[in-house]
Each structure stands twice: as C-alpha cells, then as structure tokens.
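Hi everyone, thanks for coming. I'd like to walk you through one structure today, so please have a look at it with me.

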Amino acid sequence: MTIDDAPREALRGGPRELLRWVATGAAVSRADLSRLSGLSPSTVSQRVEALINQGLLEEAGAGRSRGGRRPRQLAVPIGGAVVGAIDLGAHHARIGTLDLSGRVVQARTLPVRIEDGPESVLGTLLAEVTALAGGAAPGASGGATAAPGGASGASLAAGGVAAGALRGIGIGIPGPVQHATGRIVSPSRMPGWNGFDVAAFCAGRVDVPVIVDNDANLMALGAHRTAHAEMDHAVYIKAGTGIGSGVISSGQLHRGAQGSAGDISHCRVVADPAPLCSCGNAGCLEAVASGAALVTALREQGVPVDDLTGVLRLIDDGDRHATALARQAGRAIGEILAVVVNFFNPQVVAIGGRLADCEPLLASMRATLYERCLPLATQTLLIERVAAGQDVGITGAAHLVIDHVVSAG
C-alpha cells in the first residue's frame, strides 16, 4: 500500500510528513519530530533511520542542548535529492525540479505542439528536465547512461543540484490517464496520443521512476498540499483550453476505479443548440464552456479571435459578445459543480487554469452554485481561485513522486 492509499489518520508522522518538516525547517532533530507528530521517540527514530538509509535525510552535526545530551541535527542533503516535474498543456509545458519539501528549485515554460505526437513532445521535455536536474539529456536514440541515484552527468547543475540527484519524474497529461498503467485513454484534441504508454516510453529514456497522471489531478494535489492541506474534502477545477477537475477525499487524491474520477468535461449541460463535442456527444461541458469552445463560439458570431488569449483580451476590454459567452460558460460550469457539491459536500471548490482569471465567468459560476446547491452544502463552502500560481501543476507532480519515493523505501 502506498501513502496515497493510506487512511488520512495514518499519515500524521508518516515518513513523508517527517521529511517535509525537516525540509521546511520546522524540525531539526528527532525530538522536534516527536513533538510535532506526537509519536514516541523510538518510532520517530526508526522512521528517520529509514529516510537516512534512502539518502533523503542526513545527520548534520549536534544541535543546542536543552539540559541533556546535544541532539543530532537532521537536514536534507545539500545539493541532494530533487524530483523532476512536467505539466503538459496543448501549447505550452511547465517543467521544473523541486526539492523534497515540494519547493521549486528551477522552472521553465516551453512552447509545445501537442499535435507533434507523444514521442517528439515527451522526448524533448524529458531531455529538458534531466538537464535542469544536472544530468546529461537523453540521446535521440533513447539511451541515457545514468548515475546510480538517477540522472546522468558529472558536475553540479547551475542551481546547485548534484548530478545523480534526480529521484523521479512526475508528468501531467491534459487528457484521461489510466494511472495504474500510465497509458493515455481517448484524449480530446491530442492526435496520435490515444493508447500511448507514457510510462513505458519514459522508462526507456531515464533511469528513475516516472509517474503519470491527469493534469487536473496534479493541479488538485498541488493546490491542496499548498493551500488547503488541513481540509479533508475539496474539488479543484482546471479551466483552460479544456475543462477537468481533481477530487480530494479524506485528504487524498481520489482517482476512482480506473482513474477517471473528476472528469466533468463530458457531463451534459443544457444548451440550445447543443454543440458537438470531440467525444461524439452533443452539449458536453467542454463543448460549451472551455476556452476552445469560447473561441469557436466567437468566431461563429463573426468576432475575429485566434485563441484563448484573444478571448480573455476581449473580455478585459469589455466586449459584450465575449463577456456574455464567459457568463454563460460560468453558469454551465456552476450547474455541473452544483451536482458535484450536493453529492460530495466538499469544504472548498477552487478553480484554476487560464479561465480562472476571467471575473465574469467566476462570478457566474459562484452565483449558480449558491442558487443550485442545498444551503447545508454551501453553509461553509469556500469558492475561490487556485492561489498557487503557474507552478501548481509541477508542484502536484513533484508531490506525486515524493510520495512514491518515500513509500517505496
């Protein structure tokens, strides 16, 4: 059983949390960890020794005495372990390396063409991530000679990360992912990606674990760990070119039986006439309220617009056609979320992605939720924007890998 599968009450003082406390400076000794976790000193020592044996913690000298023997200080090794992260979108990808507390070490945004296919896109992004981590980029043939700890290379990277420090890579895909296998299943607007085995492809190019998930799930994980870690139940919506959502239940990412939990994009909303969706049905949320849908609707009204950036610019300029469509999109999203909120009863609903900055959409979504939901469901419900910024996806990807690395030990 992995940490993600464990009951929430079992996580208090678990290896991941002990590591996070040391990495963030909240604890510098075993005594500190025992105080924070409420665990016995012997249990803490066992878990700390396991983390030391994995190379995730080290003893860094003696601390200040409080009346007895000076405690041995704990630290994350300098220039030590990092994880790589890729948050893939239709036109851009955010890549980075993060430390074991989930803090960004380095990050970059790169242009991509999703239609170039998985081998080209993922091959390039893997090379960029291993370069950020201080390793040599994988060759075009897919062969990379890696050091025992992970990525290859013989010197420190610009960010002070030791070669061989890469412990794993997390990848977010803008489409349905069968998490257990790392295979993409029937994605929209991703020609050539259906059925592609991302995990197998990456295994031939890097010598560290690669974990794949839907991008909305990783946004949810990153946003929850960053802003709402104390909340047990939350729903996070990613609204950009497409629409998706991630669900946190009992403090953990909930994927469902096959990994499709939270996929609201193909829920039907009332629309007349109902536009055709990429899935073949009519009136799906994505066909009505996504960024791509707004671009299409404006063009049909004779408004010249190239992409979502152009739509948002029109809304900021007060264009009545674009603003009306944004309000309609917000109502459609709110109608679907009202069902989710009534059924699931989360503590927070947060929206991220580029459409989260569209105030008419957000206001319309919020109003629809309050109108359609039971008073008990919205009594203390937070409805807000995802506040973690552009790195929320790579943060979620990193935490996915950190959980795996810690639990694997």
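Let me begin with a question: are Phe196 and Phe201 buried or exposed? Both Phe196 and Phe201 turn out to be buried. Do keep in mind that we are looking at a predicted model.

Staying with aromatics for a moment, the model has 1 aromatic pair. The partners are Phe196 and Phe201, with ring centres 5.5 Å apart and planes at 55 degrees, so we call the pair tilted.

Next, the sheet. There are 5 strands in an open sheet, and reading across you get E12-E11-E10-E13-E14, with mixed pairing. Strand E12, residues 252-254, and strand E14, residues 382-385, are the edge strands; each has a single partner strand, so one side of each has no neighbour in the sheet. On average, neighbouring strands here are turned by 25 degrees against each other, direction ignored. Look at the E12 edge: strand E11, residues 243-249, pairs with E12 in the antiparallel sense over 3 bridges. If you want one to click on, Ile248 has Leu253 in E12 as its bridge partner.

Now, what packs on this sheet? That's helix H10, residues 320-344, which touches strand E10 (234-239), E11 and strand E13 (348-352). The direction of H10 makes about 160 degrees with that of E10.

That takes us to the interior. As a general point, nonpolar side chains in soluble globular proteins tend to be buried together. In our model, the largest nonpolar core has 42 residues, and Leu285 and Leu337 touch the most other members. Contributors of at least two residues each include E10, E13, helix H7 (285-289) and helix H11 (359-372). H10 provides the largest share of this core, with 10 residues. Try zooming in on Leu337: leaving aside residues up to four places away in sequence, Leu337 touches Val235, Ile237, Ile264, Val349, Met365 and Leu369. There is also a second, separate core of 31 residues, and among its members are Ala93, Ile114, Leu125 and Ala133.

Last stop, helix H1, at residues 15-23. Of its 9 residues, 7 are buried, so H1 is largely enclosed by the rest of the structure. Which residues of H1 are buried? They are Arg16, Glu17, Leu18, Leu19, Trp21, Val22 and Ala23, so to speak a mixed bag for you to browse. And just after H1, Gly25 has a positive phi of about 85 degrees.

That's my tour. Thanks for listening!

How values were computed. Residues are numbered from 1 along each chain as its sequence is written. This is a predicted model: local features need pLDDT of at least 70, side-chain atom pairs count only at pLDDT 80 or more; totals for chains, interfaces and linings use all residues. Side-chain values use heavy atoms; hydrogens and water are left out. Two strands pair if DSSP finds at least two bridges between them. Helices (H or I, at least four residues) and strands (E, at least two) are DSSP runs, numbered from the N terminus. Axes are lines fitted to C-alpha atoms, for helices over the stretch in contact, and angles run from 0 to 180 degrees between N-to-C directions. Contact means heavy atoms within 4.5 Å. Rings of Phe, Tyr and Trp (its six-membered ring) pair if their centres lie within 6.5 Å; planes under 30 degrees apart count as stacked, over 60 as edge-to-face and the rest as tilted. Buried means under 20% relative accessible area, exposed over 50%, partly exposed in between (1.4 Å probe, protein chains only). A nonpolar core is a set of buried Ala, Val, Leu, Ile, Met, Phe, Trp, Tyr and Cys residues joined through side-chain atoms within 4.5 Å.
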